[in-house]
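The exercises below go with the sequence and structure shown next. Try each task before reading its solution.

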Amino acid sequence: MKPYRVVIIGARFSGLTVAHWVHRLLQSGEFTGTIVDAWPTMTYRPGLVYAMRARPEFVRRLHIETRKTVERCGFHFVEDHALRVDPSHQQVHLAAHRPLPYDVLFLASGSDPGWNTIAGLNVSRGGLCEDYLARHTASVLKGWQSGTLIFACGPLHASPHQPVQLATADEFMLYEASLLWDWACRRRHVRHLTEIILMTPAPVLGEPLGPSGRARLAAIMAQRDIHIKTQTQFVEVRDDGIQTEHAFLPAQAMVWVPPYVGSGLARNSGLDDGYGWVPVTPHLQHRNWSNIYAVGDITNHVPKLAHAAMVQARVAVHHWWSSLSHRPTPPPYHPQVIAMLDIGYGKGLFSLNTTLYGGTRDFTYVGYPAQIGKRLFNGAYIRSHGWLPVMP
Ligand SMILES: Cc1cc2nc3c(=O)[nH]c(=O)nc-3n(C[C@H](O)[C@H](O)[C@H](O)COP(=O)(O)OP(=O)(O)OC[C@H]3O[C@@H](n4cnc5c(N)ncnc54)[C@H](O)[C@@H]3O)c2cc1C
């Protein structure tokens, strides 16, 4: 039998996990695997929240050579930009290579940043989501003495018909960054000269969390004197601050999570829901094309988290494999929100809930073990180059 042509677009959390599971479930002669990514190196994004108090060079420690991990999974790495998927001819069109044929395609290419969707907002305003942004933020904040720093989260542009609605895609990283910045300022004895504001379009702080997580987070933010502005509608971003629908907030520096606007690749390929997100079945299969799966940030699932991306990758590959090998259909993806935040002072907040999806689980813990757990996961992921011995 001819080997299956497995193609993955995107080589970060979700794409690498897909490659792992294909490698684990299929014999080497059963598939030819290709993974396409615009970059041969991945930056471990959860580590970027430490940029605030680090030297700009620190991001190098977060780089993972994805090519190595990909090859270990028996995949061939193609460094290129995917322009369009042609589902009728089962091909991926690339910028610099010939079209790539597939028998099964896994879309794992995340969301595009919507920097141009708010007047005056652009990458130079400050951010954390990619290594060059974190480096820039680290150099801007080096030697900080006083002033106002705003942490701002852009809105999630998603279909209003989605069953689970959130105002933002993932603002946990901003909670972490603001708390870590508060801690850094206190250690440098400049906290009394520093105002920290966190702005979000969400109706409440910790929108994806359950009641226990929201209450703990609100108490921590209040105790640390971080001012929260919810339901923000951004009108314009200027050099000296942010204009909202109701007020102008002056700031000496800003850290943005840009609006999440979905995937241009999915849009160009006609594979999106009209808003840039790929609509999927409970097994992460595309709603119209059974040989296309989507996993991670590119799907219409919320919030957009690395843990969710890795679980979705496992479910998707098992589903594809079970249909190939005529095995019973595996369980579908059961979404849950798992947040692990480093809140400074050596402590962390761990929260697990299903209330966002109509479930009843709602657990939150604050303490030293939560921070240790997060650090261990970060270290293990980076040291293993994304090859974690235990997958979720
Ligand atoms: C600062 C920060 C901190 C975070 N912290 C946490 C955390 O603590 N815990 C947590 O669970 N989540 C966290 N997240 C969220 C998490 O990083 C994302 O959910 C996760 O990265 C999604 O993974 P993904 O593989 O689906 O997409 P991405 O990470 O976006 O990867 C997509 C890949 O596809 C490639 N690609 C995109 N388009 C194309 C194309 N057209 N052609 C070729 N390649 C393409 C990109 O180069 C990229 O390598 C954090 C995010 C940020 C920004």
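## Exercise 1: A short antiparallel sheet

In this predicted model, strand S7 (residues 91-94) pairs with S8 in the antiparallel sense, over two bridges. Task: find the bridge partner of Gln91 in S8, then work out which strands stand at the edges of the sheet.

Solution. Step one: Gln91 has Pro101 as its bridge partner in S8. Step two: place the pair in its sheet, which is open, has three strands in the order S6-S7-S8 and is antiparallel in its pairing. Step three: strand S6 (82-86) and strand S8 (100-101) are the edge strands; each has a single partner strand, so one side of each is left without a neighbour in the sheet.

## Exercise 2: A parallel sheet

Task: give the strand order of the open sheet that has four strands, and say what stands opposite Ala152 in S16.

Solution. Step one: the order is S12-S11-S10-S16, and the pairing is parallel. Step two: strand S12 (226-229) and strand S16 (253-257) stand at the edges with a single partner strand each, so each has one side without a neighbour in the sheet. Step three: on average, neighbouring strands of this sheet are turned by 20° against each other, direction ignored. Step four: strand S10 (residues 147-153) is joined to S16 by five bridges, and Trp256 in S16 stands opposite Ala152.

## Exercise 3: Strand S2 and its partners

Task: describe how S2 pairs with S1 and with S5, and state how many of its residues are buried.

Solution. Step one: strand S1 (residues 4-9) runs parallel to S2, with six bridges between them; Ile9 stands opposite Val36 in S2. Step two: S2 also pairs in the parallel sense with strand S5 (residues 75-79), over five bridges, and Ile35 has Phe77 in S5 as its bridge partner. Step three: six of the seven residues of S2 are buried. Step four: together, S1, H1 and S2 make a right-handed β-α-β unit.

## Exercise 4: The ligand shell

Task: say which residues are closest to the ligand and why the ligand lies between two domains.

Solution. Step one: of the 33 residues that surround the ligand, the closest are Gly10, Arg12, Pro46, Gly110 and Gly296. Step two: by class, the shell has 19 nonpolar, eight polar and six charged residues. Step three: helix H1 (13-25), strand S2 (31-37) and helix H7 (306-324) each supply at least two residues of it. Step four: domain 1 (4-112 + 261-324) and domain 2 (115-259) both give residues to the shell, so the ligand lies between them.

Key
Residues numbered from 1 in each chain as written. Predicted model: local features only at pLDDT ≥ 70, side-chain atom pairs only at ≥ 80, totals over all residues. Near = placed C-beta within 6 Å. Nonpolar A, V, L, I, M, F, W, Y, C, P; charged D, E, K, R; others polar. Domains from an automatic or database assignment. Pairing = 2+ DSSP bridges. Axes fitted to C-alpha atoms, helices over the stretch in contact; angles between N-to-C directions. Buried ≥ 20, exposed ≤ 12 C-beta atoms within 10 Å, placed from the backbone. Right-handed = clockwise from strand over helix to strand, strands pointing away.
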